[in-house]
Amino acid sequence: MDDDAARAIGARLAEIYEGIWAGPMQDVPICNDALGVAAVGFRAHGDAAIGIVVTPWFMNLIVVEEKAKGGMGQTVPAAVPAGDVDCVTGWLEGFGALCACSLFSPMFQFAQMAVAVDVAEAAMTAFFTPPPREERAAPAQSLDRRALLKGRLVRDAEPLS
(Lines give C-alpha, C1' and ligand atoms only; values in the text may rest on other atoms or scores of the structure.)
Protein backbone atom coordinates (compact mmCIF):
# COMPACT_ATOMS: atom_id res chain seq x y z
CA MET A 1 0.00 0.00 0.00
CA ASP A 2 1.26 3.49 -0.78
CA ASP A 3 0.01 6.96 0.18
CA ASP A 4 -1.75 7.51 -3.16
CA ALA A 5 -3.73 4.28 -2.68
CA ALA A 6 -4.53 5.30 0.91
CA ARG A 7 -5.78 8.73 -0.21
CA ALA A 8 -7.92 7.03 -2.88
CA ILE A 9 -9.46 4.83 -0.18
CA GLY A 10 -10.21 7.93 1.90
CA ALA A 11 -11.82 9.64 -1.09
CA ARG A 12 -13.97 6.55 -1.78
CA LEU A 13 -15.09 6.41 1.86
CA ALA A 14 -15.98 10.13 1.78
CA GLU A 15 -18.01 9.55 -1.40
CA ILE A 16 -19.94 6.67 0.19
CA TYR A 17 -20.63 8.60 3.41
CA GLU A 18 -21.75 11.67 1.40
CA GLY A 19 -24.34 9.41 -0.23
CA ILE A 20 -25.44 8.13 3.17
CA TRP A 21 -25.69 11.72 4.46
CA ALA A 22 -27.74 12.78 1.42
CA GLY A 23 -30.03 9.77 1.83
CA PRO A 24 -30.84 7.73 4.92
CA MET A 25 -29.10 10.00 7.49
CA GLN A 26 -30.45 13.33 6.16
CA ASP A 27 -33.16 13.88 8.78
CA VAL A 28 -31.80 11.77 11.63
CA PRO A 29 -31.73 13.82 14.87
CA ILE A 30 -28.21 12.72 15.89
CA CYS A 31 -26.75 14.54 12.87
CA ASN A 32 -25.17 17.98 13.14
CA ASP A 33 -26.43 19.85 10.06
CA ALA A 34 -23.54 22.34 10.32
CA LEU A 35 -21.13 19.60 9.26
CA GLY A 36 -20.41 17.71 6.07
CA VAL A 37 -18.28 14.72 5.16
CA ALA A 38 -14.48 14.65 4.87
CA ALA A 39 -11.68 12.11 4.69
CA VAL A 40 -8.78 13.53 6.70
CA GLY A 41 -5.12 12.54 6.64
CA PHE A 42 -5.38 9.18 4.90
CA ARG A 43 -1.94 7.64 4.49
CA ALA A 44 -0.31 4.26 4.13
CA HIS A 45 1.01 2.49 7.20
CA GLY A 46 2.36 -0.96 6.45
CA ASP A 47 -0.31 -2.82 4.51
CA ALA A 48 -3.07 -0.53 5.77
CA ALA A 49 -4.65 2.78 4.83
CA ILE A 50 -5.32 4.84 7.96
CA GLY A 51 -7.20 8.12 8.25
CA ILE A 52 -10.14 9.83 9.86
CA VAL A 53 -13.62 10.15 8.40
CA VAL A 54 -15.70 13.10 9.60
CA THR A 55 -19.47 13.01 9.09
CA PRO A 56 -22.37 14.93 10.65
CA TRP A 57 -22.93 11.96 13.01
CA PHE A 58 -19.42 10.65 13.81
CA MET A 59 -15.66 11.13 13.63
CA ASN A 60 -13.88 7.78 13.34
CA LEU A 61 -10.32 6.66 12.88
CA ILE A 62 -10.59 4.21 9.97
CA VAL A 63 -8.16 1.40 9.22
CA VAL A 64 -8.46 -0.47 5.93
CA GLU A 65 -6.06 -3.38 5.62
CA GLU A 66 -5.22 -5.31 2.49
CA LYS A 67 -6.07 -8.47 4.41
CA ALA A 68 -8.85 -7.80 6.91
CA LYS A 69 -8.42 -9.35 10.35
CA GLY A 70 -11.10 -10.52 12.74
CA GLY A 71 -14.75 -11.24 12.18
CA MET A 72 -17.39 -8.55 11.87
CA GLY A 73 -18.05 -6.76 15.14
CA GLN A 74 -14.83 -7.90 16.82
CA THR A 75 -12.44 -5.54 18.56
CA VAL A 76 -8.96 -5.78 17.08
CA PRO A 77 -5.79 -3.77 17.72
CA ALA A 78 -4.61 -1.45 14.96
CA ALA A 79 -0.94 -0.55 15.14
CA VAL A 80 -0.11 3.13 14.69
CA PRO A 81 3.19 4.79 15.59
CA ALA A 82 1.76 6.10 18.90
CA GLY A 83 0.72 2.55 19.95
CA ASP A 84 -2.12 0.10 19.45
CA VAL A 85 -5.65 1.46 19.02
CA ASP A 86 -8.69 -0.74 19.61
CA CYS A 87 -10.90 -0.76 16.52
CA VAL A 88 -14.14 -2.57 15.76
CA THR A 89 -14.33 -4.53 12.52
CA GLY A 90 -17.23 -3.82 10.23
CA TRP A 91 -18.58 -3.89 6.71
CA LEU A 92 -19.60 -0.81 4.71
CA GLU A 93 -21.99 -1.51 1.86
CA GLY A 94 -20.40 -0.52 -1.44
CA PHE A 95 -16.91 -0.59 0.08
CA GLY A 96 -16.19 -3.72 2.09
CA ALA A 97 -14.35 -4.53 5.31
CA LEU A 98 -12.88 -1.83 7.52
CA CYS A 99 -12.03 -1.21 11.16
CA ALA A 100 -13.21 1.87 13.03
CA CYS A 101 -12.40 3.57 16.29
CA SER A 102 -14.99 6.15 17.32
CA LEU A 103 -13.43 9.46 18.33
CA PHE A 104 -16.65 11.51 18.57
CA SER A 105 -20.31 10.59 18.25
CA PRO A 106 -22.58 12.44 18.03
CA MET A 107 -20.91 15.56 16.66
CA PHE A 108 -22.82 18.41 18.32
CA GLN A 109 -19.70 19.85 20.00
CA PHE A 110 -18.56 21.10 16.56
CA ALA A 111 -20.16 24.33 15.31
CA GLN A 112 -18.18 24.40 12.05
CA MET A 113 -16.78 21.80 9.68
CA ALA A 114 -13.38 23.55 9.70
CA VAL A 115 -13.09 22.96 13.46
CA ALA A 116 -14.00 19.27 13.10
CA VAL A 117 -11.37 18.86 10.35
CA ASP A 118 -8.77 20.66 12.51
CA VAL A 119 -9.48 18.23 15.36
CA ALA A 120 -9.22 15.26 12.96
CA GLU A 121 -5.86 16.57 11.67
CA ALA A 122 -4.58 16.99 15.24
CA ALA A 123 -5.71 13.46 16.10
CA MET A 124 -3.89 12.07 13.04
CA THR A 125 -0.74 13.90 14.14
CA ALA A 126 -1.08 12.35 17.60
CA PHE A 127 -1.71 8.85 16.22
CA PHE A 128 1.36 9.12 13.99
CA THR A 129 3.71 10.57 16.59
CA PRO A 130 5.72 7.81 18.27
CA PRO A 131 6.08 8.09 22.05
CA PRO A 132 9.37 9.52 23.36
CA ARG A 133 12.25 7.03 23.33
CA GLU A 134 12.09 6.32 27.09
CA GLU A 135 8.37 5.48 26.82
CA ARG A 136 9.05 3.03 23.97
CA ALA A 137 11.13 0.90 26.32
CA ALA A 138 8.23 0.62 28.79
CA PRO A 139 5.70 -2.22 28.49
CA ALA A 140 3.21 -1.63 25.67
CA GLN A 141 -0.01 0.09 26.68
CA SER A 142 -3.16 0.33 24.66
CA LEU A 143 -4.13 3.82 23.59
CA ASP A 144 -7.30 5.22 25.05
CA ARG A 145 -9.11 7.36 22.43
CA ARG A 146 -10.83 9.56 25.02
CA ALA A 147 -7.57 10.13 26.88
CA LEU A 148 -5.85 10.92 23.56
CA LEU A 149 -8.37 13.63 22.79
CA LYS A 150 -7.94 15.06 26.29
CA GLY A 151 -4.20 15.44 25.73
CA ARG A 152 -3.04 12.07 27.11
CA LEU A 153 -1.94 9.09 25.07
CA VAL A 154 -3.03 6.38 27.49
CA ARG A 155 -5.49 5.96 30.34
CA ASP A 156 -4.25 7.30 33.70
CA ALA A 157 -1.36 9.16 32.06
CA GLU A 158 -0.45 12.72 32.91
CA PRO A 159 -1.81 15.30 30.43
CA LEU A 160 0.63 16.31 27.71
CA SER A 161 2.08 19.78 28.14
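Among the elements of the protein chain in this predicted model, strand 1 (residues 38-45) has the highest mean pLDDT and helix 3 (residues 133-136) the lowest, as the table shows.

| Element | Residues | Mean pLDDT |
|---|---|---|
| Strand 1 | 38-45 | 98 |
| Helix 3 | 133-136 | 64 |

Here pLDDT is the predictor's confidence in each residue, from 0 to 100. Helices (H or I, at least four residues) and strands (E, at least two) are DSSP runs, numbered from the N terminus. The protein chain averages a pLDDT of 88, and 83% of the residues score at least 70.

Residues are numbered from 1 along each chain as its sequence is written. Because the model is predicted, local features need pLDDT of at least 70, side-chain atom pairs count only at pLDDT 80 or more, and totals for chains, interfaces and linings use all residues.

The structure holds one cavity of 30 Å³ or more. A cavity is a set of points, on a 1 Å grid over the protein atoms alone, where a 1.4 Å probe fits but cannot get out; lining residues have an atom within 4 Å of a point. The space in the largest cavity is about 50 Å³. Its lining includes Val-63, Met-72, Thr-89 and Cys-99. Strand 3 (59-65), strand 5 (83-92) and strand 6 (96-104) each give two or more residues to that lining.

Asn-60 is part of strand 3. This residue counts as buried because its relative accessibility is 11%, where buried means under 20% relative accessible area (1.4 Å probe, protein chains only). Leaving aside residues up to four places away in sequence, Asn-60 touches residues including Gly-51, Val-53 and Cys-101, a contact being heavy atoms within 4.5 Å.

How values were computed: Heavy atoms only, no water. 1 Å grid on protein atoms, 1.4 Å probe; cavity = no way out; pocket = protein on both sides within 12 Å on 5 of 7 lines; lining within 4 Å. Points joined across faces, edges and corners; volume = space filled by probe spheres on them. Buried < 20%, exposed > 50% of the residue type's maximum accessible area, 1.4 Å probe, protein only.
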